[in-house]
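Visitor: Please take a close look at one part of this model and describe what surrounds it. A long, connected answer is fine.

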Amino acid sequence: MLKPPPDRLYGRQRSHALRPRQEKLLAETLPRLRFAAPADPASAFATPPAEIWLEVGFGGGEHARTLAETHPHVGLIAAEVFEQGLCSLLSALVPDGAEATALLPGNLRLWDDDARTLLRELPEQSLSRLYLMFPDPWPKARHAKRRFVHPDLVGLVASRLKPGAEWRAASDDPTYQAWVTDVMGAQTLFEAPPPATERPPGWPPTRYEAKAHRAGRTPLYWVFTRR
Ligand SMILES: C[S@@+](CC[C@H](N)C(=O)[O-])C[C@H]1O[C@@H](n2cnc3c(N)ncnc32)[C@H](O)[C@@H]1O
């Protein structure tokens, strides 16, 4: 019997002490980009976006930055709990010394907490797309409850997506791949065709994907469509 995921698994996380530049990015830049309007998400962006997308666990942020740059009509909320990841994205956006003043993208906002908390706070049918790129695999069975793809979370994700919206996901971990197949094969809220074994055209690459290829693993790429 699977345990339901706990309400709050992650707060911000840090692997080692931050450098002064990283401290400045978190203190001065992050507050200027922080997504703080879950009840009325469109109001968080410089101009009301045509669509709102969410990326869960953006890691170093290359994928999120590319999405925001190439889809200016979209408001992208990018969620990450790991401070070094937040800093990596922020450092690519602002030059050293301009943490408090540099112009920031109007269509990108950051959520520096558990993405599941955000999902609970967003209105129903507020998202047009959700990205879950190379989520932490939690390969041990006793940690299965920590996986983002989880029977107890599918309903929440579905409720925040508009009909026809896509949930795009990728994983290189064989345990997680089999798990996704099982979980998504057992639900009815999304169309869940078999995954692709090559990154579909138009999907930006990610750092973990490159790591997976270097290690000889084959990622799978899913597109689940909200019914
Ligand atoms: C394996 S990394 C992949 C990073 C990136 N997507 C890539 O492909 O390079 C997974 C990331 O998801 C973040 N993460 C895990 N669970 C999360 C959650 N519930 N909310 C926000 N971020 C989360 C972790 O901190 C980690 O940086």
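Guide: Trp138 is partly exposed, because its relative accessible area of 21% falls between the 20% under which a residue is buried and the 50% over which it is exposed. The model is a predicted one. Trp138 sits in the loop between β4 and α5. Its phi is near 40°, a positive value in a residue that is not glycine. Most residues other than glycine have a negative phi. Gln125 likewise has a positive phi without being glycine, near 55°. The loop that holds Gln125 runs between α4 (115-121) and β4. With a relative accessible area of 43%, Gln125 is partly exposed.

β4 leads on to the ligand. There are 17 residues around the ligand, and those that come nearest are Gly57, Glu80, Ala115, Met133 and Thr206. Met133 belongs to β4 (127-133), and one of its backbone N or O atoms lies 2.8 Å from a nitrogen atom of the ligand. Glu80 uses its side chain instead: an N or O atom there is 2.5 Å from an oxygen atom of the ligand. For Tyr208, a backbone N or O atom is 2.9 Å from an oxygen atom of the ligand. On its own the ligand has 600 Å² of accessible area, of which the protein covers 91%.

Thr206, listed above among the nearest residues, lies in the loop between β6 and α7 (207-214). Its relative accessibility is 11%, so it counts as buried. Leaving aside residues up to four places away in sequence, Thr206 touches His63, Met133 and Phe134. The side chain of Thr206 reaches the backbone nitrogen of Tyr208 at 3.3 Å. A polar atom of that side chain is 3.1 Å from the backbone nitrogen of Glu209. Tyr208 therefore has a polar contact with the side chain of Thr206, while its backbone is 2.9 Å from a ligand oxygen.

β4 has another neighbor in α6. This helix covers residues 174-185, 12 in number, and spans 16 Å from first C-alpha to last, close to the 16 Å expected at 1.5 Å a residue. Its buried residues are Tyr176, Gln177, Trp179, Val180, Val183 and Met184. Seen down the axis of α6, these fall within an arc of 165°, so they line one face of the helix. They pack against β4, α5 (151-160), β5 (161-171), β6 (190-191) and β7 (220-226). The face turned away from the buried side carries Pro174, Asp182 and Gly185, which are exposed. At the start of α6, a side-chain oxygen of Asp173 comes to within 3.0 Å of the backbone nitrogen of Thr175.

Glu51 gives a further contact with the residues of β4. Glu51 lies in strand β1 (residues 51-56) and is partly exposed, at 30% relative accessible area. Not counting residues up to four places away in sequence, it touches His73, Val74, Gly75 and Ser128. Within β1, the side chains of Glu51 and Trp53 are joined by a polar contact of 2.8 Å. Glu51 is 29 Å from Ala210, C-alpha to C-alpha, and the two are 159 residues apart in sequence.

Methods: Residues are numbered from 1 along each chain as its sequence is written. This is a predicted model: local features need pLDDT of at least 70, side-chain atom pairs count only at pLDDT 80 or more; totals for chains, interfaces and linings use all residues. Side-chain values use heavy atoms; hydrogens and water are left out. Helices (H or I, at least four residues) and strands (E, at least two) are DSSP runs, numbered from the N terminus. The expected span of a helix is 1.5 Å times one less than its number of residues. Buried means under 20% relative accessible area, exposed over 50%, partly exposed in between (1.4 Å probe, protein chains only). The arc is that of the directions from the helix axis to the C-beta atoms. Contact means heavy atoms within 4.5 Å. A polar contact is a pair of N or O atoms within 3.5 Å; within protein, one must be able to donate a hydrogen and the other to accept it, and residues adjacent in sequence count only if both atoms are side-chain atoms. A residue is near a molecule or strand if one of its heavy atoms lies within 4 Å of it. Accessible areas come from the Shrake-Rupley method with a 1.4 Å probe; for residues, only the protein chains shown count as cover.
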